[in-house]
Amino acid sequence: MPELSAGDTAWVLASAALVLLMTPGLALFYGGMVRAKGVLNMLMMNFAAIAIVSVLWVLYGYSIAFTEDIGGGFLGGLSEVGLFGLLKQDSLIATIPTTVFVAFQLMFAIITVALISGAIADRAKFSGWVLFVVLWATVVYFPVAHWVFYFNEGNGGWLGDRLGVLDFAGGTAVHINAGAAGLALALVLGRRIGWKKEPMRPHNLPLVLLGAGLLWFGWFGFNAGSAVAANGTAGVAFINTQVATAAALLGWLVLERLRDGKPTTLGAASGAIAGLVAITPACASVTPIGAIFIGLAAGVLCALAVGLKNRFNFDDSLDVVGIHLVGGLVGSLLIGLFASSASPAGVAGLFDGGGFAQLGKQFVGSFAVLIYSFVVTYILGTIVKKTIGFRVSADDERAGIDLAEHAETAYDFSSIGGGSRSHLLSRSAPEPESEPEAEEAPAVEKIDDKEEVAR
Amino acid sequence: MKLVTAVIKPHRLDEVRAALETFGVSGMTVTEASGFGRQKGHTEVYRGAEYEVDLVPKVRLEILVDDSDVDDVVQTVTKAAHTGKIGDGKVWVVPVEAVVRVRTGERGPDAL
């Protein structure tokens with residue numbers, strides 16, 4: 001019977017908090033990339049994901065994902081609905097309290113859903129997004145997390161536990177899953193008005209870099225925390241995460257320098273994210289040198305992939321497909337080549353003399369998630385579209401989704417036209433008598449006198 | 001009286017202002033503006049996708065001057081805004097029928 005480890009518990013608690021920080025980081029990363037008139041809606045879609053998924057997770061999400069199978073490794077049961085059974089002090093997973101594991105895995109569910117929002121920036125109705133989050137988390141994320149992350153001595157999820165697909169921290173369940181969903185939603189919603197004709201360049205690149213930096217920081221919790229212990233595996237995952245990200249950033253910049261003539265800020269941020277995505281499934285099954293190769297491949301391939309939307313004419317606004325789907329595929333499949341028996345996972349890939357076996361498993365795992373996520377998301381998106389609607393009106397989209405959906409704007413560009421607050425207050429308060437107006441007049445004169453004196 | 005209007009590169013504004021102050025011009029109006037001339041904007045690249053930015057940021061100066069000072073003011077602005085590269089801007093002069101100082105009600109050259 002394993003005993004509770006205070007060190008492991010402390011590390012996973014800290015990791016859970018780090019992973020939560022990734023979602024506000026993602027919000028800034030995405031928010032900086034949209035136009036000024038849509039930044040608040042971008043932030044709100046991510047914050048709403050935090051709120052909705054957190055509640056669903058306690059109600060039934062954790063149970064569906066992480067309790068005993070109700071058939072073939074495809075879906076968990078309902079035995080932990082409401083988490084009542086987990087509150088006892090002796091309920092442990094490995095060496096940590098089960099509730100700590102619940103919290104840690106919750107953060108994965110949140111960011112996976114939030115990642116999708118980048119594909120439909122600037123045009124999705126907020127109510128449509130909220131309904132979609134409920135449906136998608138329930139029908140797609142919770143089951144897929146069960147496939148990949150639930151282990152029970154060969155009777156767990158069909159991909160991870162039964163087939164032996166390696167996905168340490170979520171290359172398939174998180175990134176391929178969200179990327180495929182992003183592609184489906186981009187197709188369901190259609191292109192933004194003026195796409196390819198009007199400039200839709202990022203309105204604030206420093207915000208993008210800040211967001212990317214927070215994602216990078218939080219990602220150590222994501223990957224190294226997935227060891228579910230403060231041990232050597234966490235250490236390997238940590239160093240692999242760092243070097244793969246660095247290599248991907250460099251890879252992206254070199255490609256840009258060669259192709260476009262200039263290394264760009266957005267390229268640096270994007271390259272870092274591509275590397276983080278790609279190393280996520282692989283961070284405990286490759287050596288640091290393998291991680292560098294995976295990072296470089298992700299940086300270059302994702303930089304090439306983001307152009308695909310222009311060729312195939314789908315408007316994945318912020319390149320969720322090019323970075324998360326492609327990056328996730330790169331990382332998941334390259335495990336088949338770079339997996340090293342010297343790593344904590346102890347599996348040999350093709351280059352380590354292990355043959356094609358692992359590559360085949362990675363292929364099955366990646367495409368099973370890709371196809372399931374794409375098909376089901378397409379159906380869910382269509383349901384939302386046909387019922388409550390999934391897109392704002394053309395006028396609202398042109399004028400800016402922030403104002404239309406949230407009655408707010410992010411930036412006060414001009415002081416001209418201000419003063420609406422007093423107008424609002426006076427509307428709700430009873431109309432004042434005419435006296436104050438008479439009092440105001442001399443006050444104005446006084447100010448004028450002072451000015452004269454000052455001169 | 002004349003209105004001298006100049007559309008110049010934003011980073012030359014301080015030079016132009018300093019030069020005009022030395023010359024004795026007491027006030028001006030500065031507005032952020034955007035536009036293009038022969039250079040037709042510039043290209044920006046985001047994730048490999050090129051954007052033609054055809055309206056370039058500029059500042060627009062408006063200076064009211066007495067007829068006798070017009071040539072000197074135009075020359076001062078032109079000299080201070082000059083970089084020799086494309087997109088330096090333009091200066092033009094139009095006649096002004098009346099000028100009133102709001103605070104005092106003075107009119108004509110006294111109001112400048």
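**Salt bridges and the interface of chains A and B**

In this predicted model, a network of salt bridges links R35(A), D122(A), R192(A) and D315(A); a salt bridge is a side-chain nitrogen of Lys or Arg within 4 Å of a carboxyl oxygen of Asp or Glu. Local features need pLDDT of at least 70, side-chain atom pairs count only at pLDDT 80 or more, and totals for chains, interfaces and linings use all residues. Residues are numbered from 1 along each chain as its sequence is written, chains are lettered from A in the order in which they are written, and side-chain values use heavy atoms, without hydrogens and water.

Over all chains the structure holds 14 salt bridges. One of them joins D69(A) to R162(A), at 3.6 Å from N to O. D69(A) sits in the loop between α2 (39–66) and β1 (92–93) of chain A, and R162(A) in helix α5 (residues 158–163), 93 residues apart; helices (H or I, at least four residues) and strands (E, at least two) are DSSP runs, numbered from the N terminus. R162(A) is partly exposed, at 37% relative accessibility; buried means under 20% relative accessible area, exposed over 50%, and partly exposed in between (1.4 Å probe, protein chains only).

D319(A) takes part in a salt bridge with K309(A), with the closest N and O atoms 3.2 Å apart. Because D319(A) lies in the loop between α11 (308–312) and α12 (320–338) of chain A and K309(A) in helix α11, the pair ties together parts ten residues apart in sequence. Both D319(A) and K309(A) are buried. D319(A) also meets R47(B) in a salt bridge, 2.9 Å from N to O.

That pair leads to the interface, where the rule finds two salt bridges between chain A and chain B. There, 21 residues of chain A are in contact (heavy atoms within 4.5 Å) with nine residues of chain B. Four residue pairs across the interface are in polar contact, both residues at pLDDT 80 or more; such a contact is a pair of N or O atoms within 3.5 Å, and within protein one must be able to donate a hydrogen and the other to accept it, while residues adjacent in sequence count only if both atoms are side-chain atoms. On the side of chain A that touches chain B, the elements giving two or more residues are α1 (6–33), α8 (232–260) and α9 (265–282). The largest share, four residues, comes from α8(A).

Within chain B, T76(B) is placed in helix α2 (residues 70–81). T76(B) is buried, with a relative accessible area of 17%.
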